[in-house]
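Reader: I should like to learn how the features of a protein model are read. May we proceed one feature at a time?

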Amino acid sequence: MERRALVLGGGGVTGVAWEIGLLHGLAERGVDLTAADLFVGTSAGSVVAAQLTDGVRVDELYERELADQTGDTNATIGSRVLLGFVLAALWPGGRARGRARLGRAALKAHTVPESERRTAIASRVRRDEWPAARLLVPAVEARTGEVAVFDRDSGASLIDAVAASCAVPLVWPPMTVNGHRYIDGGVRSVANVDLARGYERVVVVAPLTAAVRRADRPGAQAAALGPGVRTAVVSPTDAALTAIGRNPLDPARRAPAARAGRAQATEVIDRVRAAWN
């Protein structure tokens, strides 16, 4: 039996909304990606993956995005944060060292308390138990730059794992899991598609696709999964990007982003179906 993986990339609160809208639109057209054997969720994608594997219907999640405009209106991914990601990728002496440099800067940054961020994540991920479905949630240890991939056997609670993967450095505090502080899994890769290696059919939903190294981009990672693997990588169209806006942390763009994702399903349904079914 062929095994299928759904990879959900990072992209802030607008990325959550766009992903849910796209998944809803695909389901309306007969392609249910929630039947995956593996879910890989990075940052925003970990929120969506945790919700889907909890059994919440995607149409219900979609309606929540339209109705809920809450979030930190002061949060923004500015030039300092983007520069930190670039330096983390290019820092001499190894990629882990670059990630650690960004992690140490995040540890010194003045942000909200960890408890506040965990509460925010818990308002979306309402169960703290890992699902029966296989779910992988990557994050980066702030002091060492080493990558951790949390799952049901990692000893981490689900909410803690998702909070760690969503800890955008210099915006949100590094989150404590099992005595270590972690920053956003997107510091390693915006989607971490390579974690789906070994699966025969892989659909990647990636709100963000930029990466300093070409090999880290979702499309390149999908192509590197191996011969015979059927893949489809979906990222926002120009129209969707306009709806999403420039600040992926802007809660006022949640509803427009969700609607744009749902509308985009019409354009991608054929190639997603070919990879999935």
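Reader: Does Arg-101 count as buried, partly exposed or exposed, and at what relative accessibility?

Author: Please note that this is a predicted model. A residue is called partly exposed when its relative accessible area lies between 20% and 50%. Arg-101 has a relative accessibility of 42%, so it counts as partly exposed.

Reader: In which helix is Arg-101 found, and of which surface patch is Arg-101 a part?

Author: Arg-101 belongs to helix α5. Together with Arg-97, Arg-104 and Lys-108, Arg-101 forms a positive surface patch.

Reader: Which residues of α5 are buried?

Author: An α-helix has 3.6 residues a turn, so residues three or four places apart point the same way. In α5, the buried residues are Gly-98, Arg-99, Ala-100, Leu-102, Gly-103 and Ala-106.

Reader: What span should helix α5 have at 1.5 Å a residue?

Author: Helix α5 covers residues 95–108, and its 14 residues should span 20 Å. The C-alpha atoms at its ends are 20 Å apart, in agreement with that expectation.

Reader: How is the phi angle of a residue to be read, and what is the phi of Leu-170?

Author: Most residues other than glycine have a negative phi. Leu-170, however, has a positive phi near 75°. Leu-170 sits in the loop between α7 (158–165) and β5 (175–177), and with a relative accessible area of 15% Leu-170 is buried.

Reader: What is the phi of Asn-178, and where does Asn-178 lie?

Author: Asn-178 is not a glycine, yet its phi is positive, at about 50°. The loop between β5 and β6 (180–183) contains Asn-178. With a relative accessible area of 49%, Asn-178 is partly exposed.

Note on methods
Residues are numbered from 1 along each chain as its sequence is written. This is a predicted model: local features need pLDDT of at least 70, side-chain atom pairs count only at pLDDT 80 or more; totals for chains, interfaces and linings use all residues. Side-chain values use heavy atoms; hydrogens and water are left out. Helices (H or I, at least four residues) and strands (E, at least two) are DSSP runs, numbered from the N terminus. The expected span of a helix is 1.5 Å times one less than its number of residues. Buried means under 20% relative accessible area, exposed over 50%, partly exposed in between (1.4 Å probe, protein chains only). Patches are made of residues with over 30% relative accessible area and no salt bridge: like charges are joined within 9 Å, nonpolar side chains (Val, Leu, Ile, Met, Phe, Trp, Tyr) within 5 Å. Accessible areas come from the Shrake-Rupley method with a 1.4 Å probe; for residues, only the protein chains shown count as cover. A salt bridge is a side-chain nitrogen of Lys or Arg within 4 Å of a carboxyl oxygen of Asp or Glu. Lys and Arg count as positive and Asp and Glu as negative; His and the chain ends are not counted. The place of a charge is taken as NZ of Lys, CZ of Arg, CG of Asp or CD of Glu.
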